[in-house]
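Student: I would like to learn how to read the features of a protein model with some care. Could we go through this one together, feature by feature?

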Amino acid sequence: MTGFSSDWLALREPADGAARSPALVASVATFATGSKSLTVLDLGAGTGSTLRALAPHLPTAQRWVLVDHDASLVAAGKRILSEWAETTRPADRADDTSTPDRAGRDHDGADAGGDGGLTLRVGTRPVFVSWRQADLALADWPSLLADVDLVTASALFDLVSEAFIECFADAVAQAGAAVYVALDVDGTSTWSPPHQDDAAVAAAFRRHQGIDKGFGPALGPEATAVLTRALTGRGYAVRTEKSPWQLGPEHAALITALAEGWADAARAAGLDEDVVQRWLAARRTASGCVIGHTDLFATPPPR
């Protein structure tokens with residue numbers, strides 16, 4: 001699978017957080033309501049941004065399993081989540097009663113367990129986090145999905161193939177887990193101010209999106225539609241909402257990094273170098289852009 005640096009993930013996380021559909025986050029929270037605890041499998045977890053976005057909204061104790069193939073992101077995730085958990089703790093906890101986890105540790109702040117896991121407190125709720133370093137292209141789905149209530153992923157499914165989605169849909173339906181997938185590209189983009197090469201670069205970028213990222217030919221902007229068909233065909237109730245990045249001058253560093261990434265992709269897709277350089281020179285200092293994404297939440301049929 002194509003890798004991403006922790007610096008890039010950190011740069012995009014605030015924009016991702018602002019873009020996520022509040023309606024679908026609320027739907028996930030409603031799904032979790034009434035459960036004593038929730039087990040979540042996060043695919044392509046990176047440093048744990050999906051957990052940071054979603055866990056504070058879930059009204060129950062949680063057990064997250066974060067799966068990523070990159071050992072450096074797993075290591076960075078443990079450090080970042082430990083620091084982040086401290087910012088979510090209530091200021092006044094005099095009446096708080098901690099609950100021990102399976103290993104008997106106290107759910108209080110962040111604790112590094114002997115198995116490499118962390119026990120966090122998010123608000124007033126205990127959240128146990130563990131990691132699995134694994135290549136999802138070779139996933140042992142029955143093992144990964146054992147006892148899982150909810151599968152999550154962010155900016156992942158636009159990198160995978162239709163064959164991967166069909167295999168995933170079979171496995172998740174067998175497990176009876178819900179699915180929350182966010183921030184997959186929808187193929188739309190608008191840069192400000194307009195530039196004469198926007199259409200050419202966008203077309204080259206879309207061609208590059210379709211290359212194999214380690215899962216077979218990537219679906220790019222078709223991913224949400226393919227995943228929707230696969231899940232509805234297995235009896236799931238599926239809801240989607242738009243979640244565009246809306247970037248302005250305050251996102252200058254992200255805009256620059258995004259433009260450079262698009263230029264690299266357009267170049268790799270065969271676009272003329274003069275066109276790439278002309279566009280990039282203008283876009284490094286673009287005043288803004290809107291990059292389209294889609295979020296999805298799917299619940300399984302009653303058993």
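Student: What share of the 303 residues of the protein counts as buried?

Tutor: A residue is called buried when its relative accessible area is under 20%. In this predicted model, 48% of the 303 residues meet that description, while the accessible surface of the protein comes to about 13,200 Å², of which 53% belongs to carbon and sulfur atoms.

Student: How many helices and strands does the protein have, and what percentage of contacts between residues at least 6 apart in sequence join residues at least 24 apart?

Tutor: There are ten helices and ten strands. Among the contacts between residues at least 6 apart in sequence, 78% join residues that are at least 24 apart.

Student: Which residues touch the most other members of the largest nonpolar core?

Tutor: A nonpolar core is built from buried residues of certain kinds, joined through side-chain atoms within 4.5 Å. Here the largest such core holds 54 residues, and those touching the most other members are Trp 64, Leu 81, Leu 150, Tyr 180, Trp 191 and Trp 262. Helix α9, spanning residues 252-268, gives the most to this core, with eight residues. A second, separate core of 33 residues includes Val 65, Phe 157, Ile 165 and Tyr 236.

Student: What does Trp 191 touch, leaving aside residues up to four places away in sequence?

Tutor: Its partners include Ile 255, Leu 258, Ala 259 and Trp 262, and also Trp 279, Arg 283 and Cys 289.

Student: Where should I look for backbone features, and which peptide bond is cis?

Tutor: The bond from Ser 192 to Pro 193 is cis, with omega near -10°, and Pro 193 lies in the loop between β7 (178-192) and α7 (198-209).

Student: Which residues have a positive phi although they are not glycines?

Tutor: Two cases can be set side by side. Ala 155 has a phi of about 55° and is found in the loop between β6 (150-154) and α6 (162-175), whereas Leu 183 has a phi of about 65° and has its place in strand β7. Leu 183 is also buried, with a relative accessible area of 1%.

Student: How many disulfides does a search of the whole structure find?

Tutor: A disulfide is a covalent bond between the sulfur atoms of two cysteines. The search of the whole structure finds zero. As for individual cysteines, Cys 167 counts as partly exposed at 40% relative accessibility, whereas Cys 289 counts as buried at 2%.

Note on methods: Residues numbered from 1 in each chain as written. Predicted model: local features only at pLDDT ≥ 70, side-chain atom pairs only at ≥ 80, totals over all residues. Heavy atoms only, no water. Buried < 20%, exposed > 50% of the residue type's maximum accessible area, 1.4 Å probe, protein only. Helix = DSSP H or I, 4+ residues; strand = E, 2+ residues; numbered from the N terminus. Contact = heavy atoms within 4.5 Å. Areas by Shrake-Rupley, 256 points an atom, 1.4 Å probe, with all protein chains shown as cover. Disulfide = S-S within 2.5 Å.
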